[in-house]
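Student: I have just opened this one and could use some help finding my way around. Can we go through it together?
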Amino acid sequence: MADSPPRPPVQIYLVTPAIADVAGFLPVLKAALGAGEVACVLFTPVAGDDQSAKKLIKEIAPTVQGAGAALLVSGWPAVVARAGADGVHLSDGRKGLTDALEGFKPERIVGAGGIRSKDDAMTIAESGVDYVMFGEPNRDGRLPPLEGVVERTNWWAELFEVPCVAFAPDLAAVPVLADAGADFIALGNAVWDHDKGPAEAVALADRVLKQRDHA
C-alpha cells in the first residue's frame, strides 16, 4: 500500500478580540503578525451598523493583507466584500450559511464555527465551506474542555478533507491540537493576554509548529 501524502504544515489562525478602535489595536497586531507566519486573521468589529463595520474592516485590511495573511470577518456578511476582506466566518453553525456560500463562493472564503454536533459538522462540510472550526469560545466567553476539542479534531482529520481549525485555549495546547490533526491552530486570548506580549506568543507558537514540522 502506498504511503499517504504528507499533510501540509499546520498554520496559525489569529482571532482578534472584539475591536471598536482599530487604530489603537494596529501596533499590537502589526507586532504579532511580524513575529511569525500567520495564515489568517479573524476580525470581530464592534459597530452599530453596516457602514461603521465597513469602515473598521477597511482600516484593518491593509495591515493584515500586507503581512500576507487572509482577513476574515466574524459576521457582517453584507459588507465583507465591499470592505475588501477575504471572507467571512459564521459562528452559529448552519445559520446564514446558505446565503454566505451563494454570495461569497468561489471568490471569497466561507468558514463555519459554533458547530454543536458531529452531524452538524458533516452537513456543514458537505455544503462547501472552506473550513470548520472547533473549540471556539461560547457566547458567554467560556471555552469548551480541551479534551473534547482534541477528540473532535482527531475524528475530523481521520475522515474528512475539509480543513479543520482548532481553537487553542493556551500555548500549551498548540502542539496537542496539531498532533490531533488540525490544519490551523486558532489563537485568541492566548496571544493577546500573554504575559510577554502578543508578539512573543506568536513567535513561540510559530517555533513550536515549525519544530514539529521538521521533526
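Tutor: Keeping in mind that this is a predicted model, we can start with strand S2 (residues 38-45), which runs parallel to S3 and is joined to it by four bridges.

Student: Which residue in S3 is the bridge partner of Leu42?

Tutor: Leu42 has Leu72 of S3 as its bridge partner.

Student: And what do S2, helix H2 and S3 make?

Tutor: Together with helix H2 (residues 50-66), the strands S2 and S3 form a β-α-β unit, and that unit is right-handed.

Student: Which strand do three bridges join to S3?

Tutor: That is strand S4 (residues 87-90), which also runs parallel to S3, and within this pairing Ser74 has His89 of S4 as its bridge partner.

Student: Okay, so is S3 largely enclosed or not enclosed by the rest of the structure?

Tutor: Strand S3 (residues 70-74) is largely enclosed by the rest of the structure, because five of its five residues are buried. Both of its faces are covered, with Ala70, Leu72 and Ser74 buried on one side and Leu71 and Val73 buried on the other.

Student: Switching to helices, at roughly what angle do the axes of H7 and H9 cross?

Tutor: The axes of helix H7 (residues 173-180) and helix H9 (residues 198-213) cross at roughly 35° and come within 10 Å, and the crossing is right-handed.

Student: Which residues make the contact?

Tutor: On H7 they are Val174, Pro175, Ala178 and Asp179, while H9 contributes Ala205, Val208, Leu209 and Arg212. Sorted by character, the residues of this contact of H7 with H9 comprise six nonpolar and two charged, with no polar ones.

Key. Residues numbered from 1 in each chain as written. Predicted model: local features only at pLDDT ≥ 70, side-chain atom pairs only at ≥ 80, totals over all residues. Heavy atoms only, no water. Buried < 20%, exposed > 50% of the residue type's maximum accessible area, 1.4 Å probe, protein only. Helix = DSSP H or I, 4+ residues; strand = E, 2+ residues; numbered from the N terminus. Pairing = 2+ DSSP bridges. Right-handed = clockwise from strand over helix to strand, strands pointing away. Axes fitted to C-alpha atoms, helices over the stretch in contact; angles between N-to-C directions. Left-handed = near helix turned anticlockwise from the far one by under 90°. Contact = heavy atoms within 4.5 Å. Nonpolar A, V, L, I, M, F, W, Y, C, P; charged D, E, K, R; others polar.
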